[in-house]
Amino acid sequence: MIVALIDSGLGMLPTGAWLRKLRPDIDLLLMMDPDGAPWGPKPEQWVTERVLETARTALREGAEVIVVPCNTASVTSLEPLRAEVGPGVPVIGTVPAIKPAAAACRKVAVWATAATTASAYQADLITRFGGDAEITGVACHGLADAIDRGDLPAIAEAITGAAGRTPADTEGIVLGCTHYPLVIDAILAALPPGIRVFDSAEAVAGQTLRRMDALGRPLTGTAATRVLTSNRPGEMPAAAAAFDSGRLLGATLRPLGSTPFA
């Protein structure tokens, strides 16, 4: 069973790592897009066309399940993607964990990119799933880009800025960008003790495995990870080694140019 993860950069690593931990024998195809990154500021139609092109490559590479561990791509592209690949290929998107945070906390901050924070999509999620909680959007300027570069000083600066803009007495933080769990320890260190942090990577991995099991097909693979960069055979970005999930996936990386999952 080959599972393709589609994102512009390193935001796929937390979900990929959870898949590797929960089902070590599956094959993972990490499909990054350094040529087009970052996707967040791009027009919606551009992102959708990029996602569809990447999905076509994934299917040619033998993918049977497609995961989109990217909030931007999930917002813009899930429905066109599902129409493209058809009902026989499960497509799993990503939604910020606003609902569980609002159920557990009275005052919640959603940390996300500036574009997502200002989006109608996030506002709609808060309206639909925020319940009685007081929810504030906090734009984390430059954090996702700094994570993609592995720029630790810039990461620390972006986290400090976001923590300073987070309202006092906040009880829960929703990580509204899939990059942010990569630096969760630094985020926790910048926040007052006792604040709960919610992210969706484990939940997305769990949903992926449920959809895989429902296919009723043999799931055992070669326990390998391959990387495509902008739809070409590639390597894991050097910045991935700065993060636990990047190192975990890197340990099962199939060498560049090797026979795919053989």
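**Entry 1: Terms and model**

I count as helices the DSSP runs of H or I with at least four residues, and as strands the runs of E with at least two, both numbered from the N terminus. I note that this is a predicted model.

**Entry 2: The cis peptide bond**

I looked up Pro38, which is found in the loop between strand 2 and helix 2 (44-60). The peptide bond that leads into Pro38 from Ala37 is cis, with omega near -5 degrees.

**Entry 3: The six-stranded sheet**

I followed strand 2 into its sheet. This is an open sheet of six strands with mixed pairing, and I read the order as 4-3-1-2-9-10. At its edges I find strand 4 (91-92) and strand 10, each of which pairs on one side only.

I then went through the pairs from one edge to the other. Strand 3 (residues 65-67) pairs with strand 4 in the parallel sense, over two bridges. Within that pair, Ile66 has Val91 of strand 4 as its bridge partner. Strand 1 (residues 2-6) and strand 2 are likewise recorded in my notes as parallel, with five bridges. Here Ile6 has its bridge partner in strand 2, namely Met31. On to strand 9: strand 2 (residues 27-32) pairs with strand 9 in the parallel sense over five bridges. Leu28 is matched in strand 9 by Thr225 as bridge partner. At the edge, strand 9 and strand 10 (residues 232-233) run antiparallel and are joined by two bridges. I find Leu228 opposite Pro233 in strand 10.

**Entry 4: Burial of strands 2 and 9**

I asked which residues of strand 2 are buried on each of its faces. Asp27, Leu29 and Met31 are buried on one side, and Leu28, Leu30 and Met32 on the other. That agrees with the tally for strand 2, in which six of its six residues are buried.

Strand 9 (residues 225-229) is mostly covered, with five of its five residues buried. One face carries Thr225, Val227 and Thr229, the other Arg226 and Leu228, and all of these are buried. I note that Arg226 is in this buried set.

**Entry 5: Positive phi around strand 9**

I checked the backbone on either side of strand 9. Ala223 lies in the loop between helix 10 (201-214) and strand 9. Its phi is positive, at about 60 degrees, although Ala223 is not a glycine. With a relative accessible area of 30%, Ala223 is partly exposed, because partly exposed covers the range between buried, under 20%, and exposed, over 50%.

The hairpin of strand 9 and strand 10 has two residues between the strands, and in it Ser230 takes a positive phi near 50 degrees. Asn231 is also found in the loop between strand 9 and strand 10. Asn231 is not a glycine, yet it has a positive phi of about 70 degrees. I record Asn231 as partly exposed, at a relative accessible area of 23%.

**Entry 6: The four-stranded sheet**

I turned to the open sheet of four strands, ordered 6-5-7-8, where the pairing is parallel. Strand 6 (134-139) and strand 8 (196-198) are its edge strands, each pairing on one side only. On average, neighbouring strands of this sheet are turned by 25 degrees against each other, direction ignored. Between strand 7 (residues 172-175) and strand 8, which run parallel, I find three bridges. Val174 has Phe198 as its bridge partner in strand 8.

**Entry 7: Cysteines**

How many disulfides does a search of the whole structure find? I record zero. Why is Cys105 not bonded to Cys140? The closest cysteine sulfur to that of Cys105 is in Cys140, at 17 Å, which is too far for a bond. Cys105 is buried, with a relative accessible area of 6%.

Cys177 is in no disulfide either, and its nearest cysteine sulfur, that of Cys70, is 7.4 Å away. The cut-off applied here is 2.5 Å between cysteine sulfur atoms. Cys177 is buried, at a relative accessible area of 9%.

**Entry 8: The cavity**

I met Cys177 again when I looked for internal space. The count comes to one cavity of 30 Å³ or more. The volume of the largest cavity is about 70 Å³. Its lining has 14 residues, and Cys177, Thr178, Pro181, Ser200 and Ala201 lie nearest the centre. I divided the lining by residue class and recorded six nonpolar, seven polar and one charged.

How values were computed. Residues numbered from 1 in each chain as written. Predicted model: local features only at pLDDT ≥ 70, side-chain atom pairs only at ≥ 80, totals over all residues. Heavy atoms only, no water. Pairing = 2+ DSSP bridges. Axes fitted to C-alpha atoms, helices over the stretch in contact; angles between N-to-C directions. Buried < 20%, exposed > 50% of the residue type's maximum accessible area, 1.4 Å probe, protein only. 1 Å grid on protein atoms, 1.4 Å probe; cavity = no way out; pocket = protein on both sides within 12 Å on 5 of 7 lines; lining within 4 Å. Points joined across faces, edges and corners; volume = space filled by probe spheres on them. Nonpolar A, V, L, I, M, F, W, Y, C, P; charged D, E, K, R; others polar.
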